[in-house]
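Here are my notes on this model, set out as numbered points. They begin with one acidic side chain and then turn to a helix and the ionic pairs.

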Amino acid sequence: MVNRDEVRDDDPARVASRLTGRPATGAGAASGSPAEVTLDGGTPVMVKRGDAPGAVRAEVAGLRWLAAAGAVRVPAVLGHDERWMVTERVPTGRPGPEAALRFGQGLAKLHAAGAPHFGAAPPGGPEDAYIGRAPMRNAPGTDWPHWYAEHRVLPYVRAAVERGTLRPAEAGVFERVCARLPELAGPAEPPARLHGDLWNGNVLWGADGAVRLIDPAAHGGHRETDLAMLGLFGCPHLDRVLAGYEEVAPFAEGRRERVALHQLFPLLVHAVLFGRGYAEQALTAAQEALAH
């Protein structure tokens, strides 16, 4: 028998009203997640469901931690529970070079806000979090090369092998990269406050000329990881983003040679979630990292 209360609570308009305390006057055609809902007074909001335990708590904590840096804007969280979150809807516009420059400057300030250690979860966020639909553990570390190998490369290599996306013999390439990480990592950097899943789809170019960041997998990490992920799937005006960043926080020598190293994490996550094509890209990146 269908539980009518559960059906009603899957309706984004009802969820938005319950979590914000404001009547919903309309909803978009989509009833899935995320969905757009209009509240009383004409305020548009986005309603998103978290399907994994702790996912909403992790995302809300991440958004608030990023916002606390006062560097790059994020949509305001208007209400949430363990399963749902409601955020403001951001009117979007076209990417432009000036907005990109300001975004780069803000991103540098966000990273500089720092984290207590590598792998730090946002305050109030769970250790067992997510990047997209993949589990991501926020375990603490003081040494970035060892932490990156243990918590951001090898777990996804093992998961990809288990799923048959990577062949067991191919795992050795990533193990060689991890063994050489202390020499490949470049100058030591303090823990940065990362968005953590900074591909272009999570960058909203606002109609007001200001960028907002959405869907974080926020944690303490190496700032070059966010930058490498930003370049992985084609960010508009990336040259201007990087120029703005370097105005505020110059890059350590050799950053370009380390891009493939930092792209291993998102590529392996994609290999686990989406299959062999990303595994092949991850193998190419690993071989490129070893070549330096």
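1. This is a predicted model, and I start with D226. Its side chain comes to 3.1 Å from the backbone nitrogen of G196. D226 itself sits in helix α7, which runs over residues 223-232.

2. D226 is buried but makes no salt bridge. The nearest side chain of opposite charge belongs to R152, 9.8 Å away. Apart from neighbours within four places in sequence, the residues in contact with D226 are L107, H111, L194, H195, G196, D197 and L198.

3. Helix α9 covers residues 259-274. At 1.5 Å a residue, its 16 residues should span 22 Å, and the end C-alpha atoms are 22 Å apart, so expectation and model agree. There is nevertheless a bend of about 35° at F265, with a proline, P266, following within four residues.

4. Is α9 enclosed or open to its surroundings? Of its 16 residues, 13 are buried, so the helix is largely enclosed by the rest of the structure. Just after α9, G275 adopts a positive phi of about 110°.

5. The structure has 15 salt bridges. One of them joins R18 and D81, with the closest N and O atoms 3.0 Å apart. R18 belongs to helix α2 (residues 12-20) and D81 to the loop between β4 (77-80) and β5 (84-88), so this pair ties together parts 63 residues apart in sequence. R18 is partly exposed, at a relative accessible area of 42%, and D81 is also partly exposed, at 23%.

6. E36 and R89 form another salt bridge, the closest N and O atoms being 3.0 Å apart. This pair links distant parts of the chain, 53 residues apart: E36 is in strand β2 (residues 35-39), and R89 is in the loop between β5 and α4 (97-112). E36 has 32% relative accessibility and counts as partly exposed; R89, at 32%, is likewise partly exposed.

7. R276 pairs with E170 in a salt bridge whose closest N and O atoms are 2.9 Å apart. The two residues are 106 apart in sequence, R276 lying in helix α10 (residues 276-290) and E170 in the loop between α5 (144-162) and α6 (171-184). At 26% relative accessibility R276 is partly exposed, whereas E170, at 14%, is buried because the cut-off for that class is under 20%.

8. The R276 and E170 pair should be read in its setting: R167, E170, R276 and E280 are linked in a network of salt bridges.

Technical notes
Residues are numbered from 1 along each chain as its sequence is written. This is a predicted model: local features need pLDDT of at least 70, side-chain atom pairs count only at pLDDT 80 or more; totals for chains, interfaces and linings use all residues. Side-chain values use heavy atoms; hydrogens and water are left out. The expected span of a helix is 1.5 Å times one less than its number of residues. The bend at a residue is the angle between axes fitted to the seven residues ending there and the seven starting there. Buried means under 20% relative accessible area, exposed over 50%, partly exposed in between (1.4 Å probe, protein chains only). Lys and Arg count as positive and Asp and Glu as negative; His and the chain ends are not counted. A salt bridge is a side-chain nitrogen of Lys or Arg within 4 Å of a carboxyl oxygen of Asp or Glu. A polar contact is a pair of N or O atoms within 3.5 Å; within protein, one must be able to donate a hydrogen and the other to accept it, and residues adjacent in sequence count only if both atoms are side-chain atoms. Contact means heavy atoms within 4.5 Å.
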